[in-house]
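These are my notebook entries on one helix and on a set of paired strands. I record what I looked up, entry by entry.

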Amino acid sequence: MIGVPFSRLFSRQPKPLVSFLCWGRRGAVAGPPLVPPFTEETARLKVKAAEQLWNTRDPARVCLGYTEDTRWRNRDEFLEGRAQVQAFLDRKWARELDYRLRKELFAFTAERIAVHFEYEWHDEQGQWYRSYGNEHWTFAPSGLMKTRDASINDVKISESERRIGLERASGSP
């Protein structure tokens, strides 16, 4: 897994009380800032950093990756601003238990990134799901995400069909 320091997500340092570092096997990874215009390398790092940040399931931390006036479409919900995004994520992760996400770069331009993702979670009754989707992201010059457009479909799975986040436990790469 690629580790990306949280501070590389943006051109300015986050507030110390809410800073977050993503670590790989050998510590924080040095490299170019993750701001537009993107190269293939920085787009891939941005996607991996977003994956790691979302896997914290910490709405306050996740919201720091978005502009104050961010605009989202998530399934059939339309959100505007960090406050609505944080409230949405609070609801999401209260409902989607043991959430684990994997994202892959699909395409990019200077200020846009498209990703394919899948995540697994279970509800309060213990029913597991795998959710598949695509996102289109647009970024401000600061590296904060201005827009997020997500289309997502859920598939019921059994616990034995889980595969995300189990790689370490099974010894797989």
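Entry 1, helix H3. I looked up the length of H3 in this predicted model. The helix spans residues 82-95, 14 residues in total. From first C-alpha to last I noted a reach of 20 Å, close to the 20 Å expected at 1.5 Å a residue.

Entry 2, the buried side of H3. Which residues of H3 are buried? I listed Arg 82, Val 85, Phe 88, Leu 89, Lys 92 and Trp 93. Around the axis they cover an arc of only 120°, so they lie on the same side of H3. I set beside this a general point: an α-helix has 3.6 residues a turn, so residues three or four places apart point the same way.

Entry 3, the cover over H3. I then asked what covers these buried residues. The cover includes two helices, H1 (40-54) and H2 (59-63). It also includes strands S1 (66-74), S2 (77-80), S3 (97-108) and S4 (112-122).

Entry 4, strand S4. I turned to S4 and noted that nine of its 11 residues are buried, so S4 is largely enclosed by the rest of the structure.

Entry 5, S4 with S3. The two strands run antiparallel and are joined by nine bridges. Three residues separate them in a hairpin. I found Glu 104 opposite His 116 of S4.

Entry 6, S4 with S5. Strand S5 covers residues 128-139 and pairs with S4 in the antiparallel sense over 11 bridges. I recorded Trp 128 in S5 as the bridge partner of His 122. This hairpin has five residues between its strands. In the turn, Gly 126 has a positive phi of about 95°.

Conventions. Residues numbered from 1 in each chain as written. Predicted model: local features only at pLDDT ≥ 70, side-chain atom pairs only at ≥ 80, totals over all residues. Heavy atoms only, no water. Expected span 1.5 Å × (residues − 1). Buried < 20%, exposed > 50% of the residue type's maximum accessible area, 1.4 Å probe, protein only. Arc of directions from axis to C-beta. Contact = heavy atoms within 4.5 Å. Pairing = 2+ DSSP bridges.
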